Amino acid sequence: MKRIGSMFRKAMLFSLSLMLVSIAYSPHPASAASGPVKGFHVSGTKLLDATGTPFVMRGVNHAHTWFKNDLQAAIPAIAATGSNTVRIVLSNGSRWTADSLADVEQILALCDQYQLTVMLEVHDATGSDSIAELRKASDYFISIKDALIGKEDRVIVNIANEWYGSWETAVWADGYQQVIPELRQAGIKNTLVVDTAGWGQYPTAIFNRGLDVFNADPLANTIFSIHMYEYAGGDAATVKNNIDQALAIDVPVIVGEFGFKHTSGDVDEATILSYAEQKGVGWLAWSWYGNGGGVEYLDLNNGPAGSLTDWGQTVVNGPNGTLATSVLNTIYTTPGYQPVPDNGSGGVVTIPAAPTGVTATPGNGHITLNWIASPGATSYIVQRATTSGGTYTDVATNVSGTTYTNTSLTNGNTYYYKIKAVNSAGNSPSSVQVSATPQAGTTTPTSNLVLQYRAADTDATNNHIKPYFNIKNNGTSAVNLSDLKIRYYFTKDGSEELNTVIDWAQIGAANIATSIGSITGTNADTYVEIGFTSGAGSLPVGGQTGDIQLRIHKDNWGNFNENNDYSFRPTQTSYDVWNRVTLHQNGTLISGVTP
């Protein structure tokens, strides 16, 4: 038996993919080491991250290979849901346009920037019973292994989506017993994911032969995935039985795809979400957007960065959704975390990754640059150009810290910067480009705290305002968060009472307090102030708060007009410094400009 709806859904996307143009490669290098590192690994029915902490996937599927041009919009939007994992659809070129090594590196770098663990899967072998097609998927990962090696702590490999359409076990097991050792022989040490047979809906294959497949992995680092649609997830008893029997072989299992209904029947999504939470089982909902062939209702979102659908609201805002249950990979939340070489020696020197979190803050005749330290770097190079993407020259070398002020600049001219990390093994690739324009009368922050902003909703005339924030500590000492306040300035547009909600915060929404104040200024009569309770703790050196997701709405849910709002910047959909939001420490303005 085959899941016919799956074929319709995914074949429909193919027709759309022919209309797209591939994204030009513009790297955002990840912070992983360039050689093998200790990463995700299996312990009984648990998947542990590189720090030894149990990691439970909570996230979504994103059909990247059919929507290659939407990556830069989709990934920040997915991260804003609180997801800790995104499963990325790739093609090896057998059925759709192949995703190159450079494409994959770009995907991984952007996801790393937004602290998303990535599961990569090849979609071309979907439904096939041919071991040759499975091997093509495996060979594809071997061909892009340079993107995988060194990122074992943040990248997981799902060998082939729904390979083996028949509801039968022997060939399914035989195929994976062949390709898993080949992947390991090629040097790929990432955790592997194997979809069960029957288009992912025949978990009996796992119950009967899962251990044979697991034992084919010399690293014992393979987990299994069930796709729960109408057959594998149609009712509560089926959901629970499939999860329990899969865990009974003492190997981790995840729900790699699921919906709330499918072509041939209903799905008990509530039990999938609640029982997975009870059992510590990961799940990845299908899919972010772009479904066709009669299953458009499986879209979680309206476009790559629009609003959530009803299905998306269930997955994100439900009682067992991402906002309530997702916990980030602790490599992103452990102060001072550095990848550990796979041989455990700690003495292998590799070229550092490019610096991330680069910001440029203008002053009077100068620009101050800040960035996050690259693990293993001993110094940095600051490069400058006078045109975007132009010829870069070194303006400072042997910079020992993570801040640099470029002086003697001409006010009114825009300058462009990139940063490289350096150690004895060589120089990293350049960071992303940042720019700033110095102006007379402007001031730079008096603190090494950096406030970043992004517009989570760019619709200027709907019924809510959604600014998101992140604070970084680039200083030399920890800072009490309770000493800090953020202000966002806007026009109230009417007399209705305003409400503020923290939809999600990495440090915990309960540790954040909001208040509304009035102000007289250009394009602003109101501000929201975000403060922190003592429970928020301190911000360590090099640390950051992570997402602080604010939402503002009126009592009557009337619309705003943000087009004239002082702090609203709809073009800023990725985190960066914006001087029209302000940061205050113990009552003193330390960054930004008030209206």
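In this predicted model, strands β24 (residues 484-490) and β27 run antiparallel and are joined by six bridges. One residue pair shows where the two strands meet: Y488 has V528 of β27 as its bridge partner. Strand β27 also pairs with β26 (residues 512-521), again in the antiparallel sense, and here the pairing extends over eight bridges. Within this second pairing, S518 stands opposite T526 of β27. The hairpin formed by β26 and β27 has two residues between its strands, and in it N523 takes a positive phi near 55°. How much of β27 is buried? Of the nine residues in this strand, which covers residues 524-532, eight are buried, so β27 is largely enclosed by the rest of the structure.

A second group of strands can be followed in another part of the chain. Four strands form an open sheet in the order β21-β22-β29-β25, with antiparallel pairing. The edges of this sheet are taken by β21 (449-455) and β25 (498-505); each has a single partner strand, so one side of each is left without a neighbour in the sheet. On average, and with direction ignored, neighbouring strands of the sheet are turned by 25° against each other. Strand β22 (residues 467-473) pairs with strand β29 (residues 548-554) over two bridges in the antiparallel sense. A pair to look for here is Y468, which stands opposite Q549 in β29.

The sheet also leads to a helix, since β21 and β29 are among the elements against which the buried residues of α2 pack. Other elements in this packing are β3 (58-62), β4 (85-90) and α3 (101-113). Helix α2 spans residues 71-79, and seven of its nine residues are buried, so this helix is largely enclosed by the rest of the structure. The buried positions begin with L71 and continue with A74, I75, P76, A77, I78 and A79.

Helix α6 offers another view of how a helix is covered. This helix comprises residues 170-185, 16 residues in total, and reaches 24 Å from its first C-alpha to its last, close to the 22 Å expected at 1.5 Å a residue. Which residues of α6 are buried? They are W172, A173, G175, Y176, V179, I180, L183 and R184. These residues cover an arc of only 155° around the axis, which puts them on the same side of α6. A general property of helices helps in reading such a pattern: an α-helix has 3.6 residues a turn, so residues three or four places apart point the same way. The cover over the buried residues of α6 includes α4 (131-143), β7 (192-195), α7 (204-215) and β8 (222-228). Just after the helix, G187 takes a positive phi of about 100°.

Stepping back to the whole protein, the secondary structure comes to eleven helices and 31 strands. The radius of gyration is 24 Å, close to the 25 Å that the globule rule gives for 595 residues, so the protein is as compact as a globular protein of that length. Along the principal axes, the C-alpha trace spans about 75 × 60 × 45 Å. Of the 595 residues, 55% are buried. Where do the contacts between residues at least 6 apart in sequence lead? Among these contacts, 76% join residues at least 24 apart.

Methods
Residues numbered from 1 in each chain as written. Predicted model: local features only at pLDDT ≥ 70, side-chain atom pairs only at ≥ 80, totals over all residues. Heavy atoms only, no water. Buried < 20%, exposed > 50% of the residue type's maximum accessible area, 1.4 Å probe, protein only. Pairing = 2+ DSSP bridges. Expected span 1.5 Å × (residues − 1). Arc of directions from axis to C-beta. Contact = heavy atoms within 4.5 Å. Axes fitted to C-alpha atoms, helices over the stretch in contact; angles between N-to-C directions. Rg over C-alpha atoms; globule rule 2.2 N^0.38 Å.
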